[in-house]
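Hi,

Here is the structure I promised to pass on. Have a look at it first, and then read my notes underneath.

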Amino acid sequence: MASNRGFDRVVNFSDAVVAIAITILVLPLVDEASNIGHGNVNEFLAGIGPQVYVFVLSFAIIAYYWFLHHTFFEQLQQVDKNIMFLNVLWLFGIVFIPFPTALIVDSNGPDGWATIIYMSTMLFLAVIQLLMKVYVLKHSDLLEAGTTSVRGYVGSQIIVVLLVVALLIAAFAPHIGMWALLLLWLTPFLVKPVLRMKKSSALVHNDSETNR
């Protein structure tokens, strides 16, 4: 188990890595801007529309994953080596995002393997976050005293499923590409129905156990 000081170091290091990754995203756009020379700025801005879109999307994605990461670690009072290992894998995914972002920028828009790599990275991050929550649920001593559940656990499961579906759509329907990520907007609308289904299933299971 890591001490309170060790726990703080894990969180602070993670925040620093996220901050660096989110800053690196803008570098391809800066490189593009450096090539304007005496060209027309309006034409330049019109020509890099897809790149700006991907930059904003990547910025929002990293910020969103950081928010989920922050919310998760707020529920912990300590970490062990397994959580630290999973966290390092999560950070690997975060620092990797600028790579597929640059691929899309260099190819002048979402296309082919650039999109697949991009969405696979998102899926990797979502799976790691889900694994951390599953692990903590089985090791409740890591949670704050009096906490028995992990916020966002069901949401993480739904996000993984939706990303798998989005990735399959992008792979077999390349013309849809990144637009498949719009499926993620369904997440908040699916959480409550899934929770109700789980509660109903638990009640049925308890009834069957009682009647035995």
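Below is what I found, going from the whole chain to two helix pairs and then to a salt bridge.

First, please keep in mind that this is a predicted model. The chain has nine helices and zero strands, so to speak an α-α-α-α-α-α-α-α-α run from the N terminus on. Of its 212 residues, 39% are buried. If you take the contacts between residues at least 6 apart in sequence, 77% of them join residues at least 24 apart.

Now for the helix packing. Two packed helices are described by the angle between their axes and the distance between the axes. Start with α4 (residues 49-74) and α5 (residues 81-96). Their axes come within 11 Å and cross at roughly 165°, which means that α4 is roughly antiparallel to α5. The crossing is left-handed. On the α4 side you'll find I62, Y65, W66, H69, F72 and F73, and they meet I83, N87, W90 and I94 of α5. By type, the residues of this contact come to eight nonpolar, two polar and no charged.

Next, follow α5 over to α7 (112-138). How far apart are the axes of α5 and α7, and at what angle do they pack? The axes are 9 Å apart and the angle is about 165°, so α5 is roughly antiparallel to α7. This crossing is left-handed as well. The contact involves N82, I83, L86, N87, L89, W90, F92, G93, I94 and F96 from α5, which meet I117, T121, F124, L125, I128, Q129, L131, M132, Y135 and V136 from α7. These residues divide into 15 nonpolar, five polar and no charged.

Finally, the charged side chains. Side chains of opposite charge can pair when their charged atoms come close. How many salt bridges does the structure hold? There is one, and it joins the side chains of E74 and R151, at 4.0 Å from N to O. E74 lies in α4, while R151 sits in the loop between α7 and α8 (153-172), so the pair ties together parts that are 77 residues apart in sequence. Are the two partners buried or exposed? E74 is partly exposed, with a relative accessible area of 48%, and R151 is also partly exposed, at 47% relative accessibility.

If you want a place to begin in the viewer, try α5, where residues meet both α4 and α7.

Cheers

Definitions and conventions. Residues are numbered from 1 along each chain as its sequence is written. This is a predicted model: local features need pLDDT of at least 70, side-chain atom pairs count only at pLDDT 80 or more; totals for chains, interfaces and linings use all residues. Side-chain values use heavy atoms; hydrogens and water are left out. Helices (H or I, at least four residues) and strands (E, at least two) are DSSP runs, numbered from the N terminus. Buried means under 20% relative accessible area, exposed over 50%, partly exposed in between (1.4 Å probe, protein chains only). Axes are lines fitted to C-alpha atoms, for helices over the stretch in contact, and angles run from 0 to 180 degrees between N-to-C directions. Angles under 35 degrees count as roughly parallel, over 145 as roughly antiparallel, 65 to 115 as roughly perpendicular and the rest as oblique. A crossing is left-handed if the near helix is turned anticlockwise from the far one by less than a right angle, and right-handed if clockwise. Contact means heavy atoms within 4.5 Å. Ala, Val, Leu, Ile, Met, Phe, Trp, Tyr, Cys and Pro count as nonpolar, Asp, Glu, Lys and Arg as charged, and the others, Gly among them, as polar.
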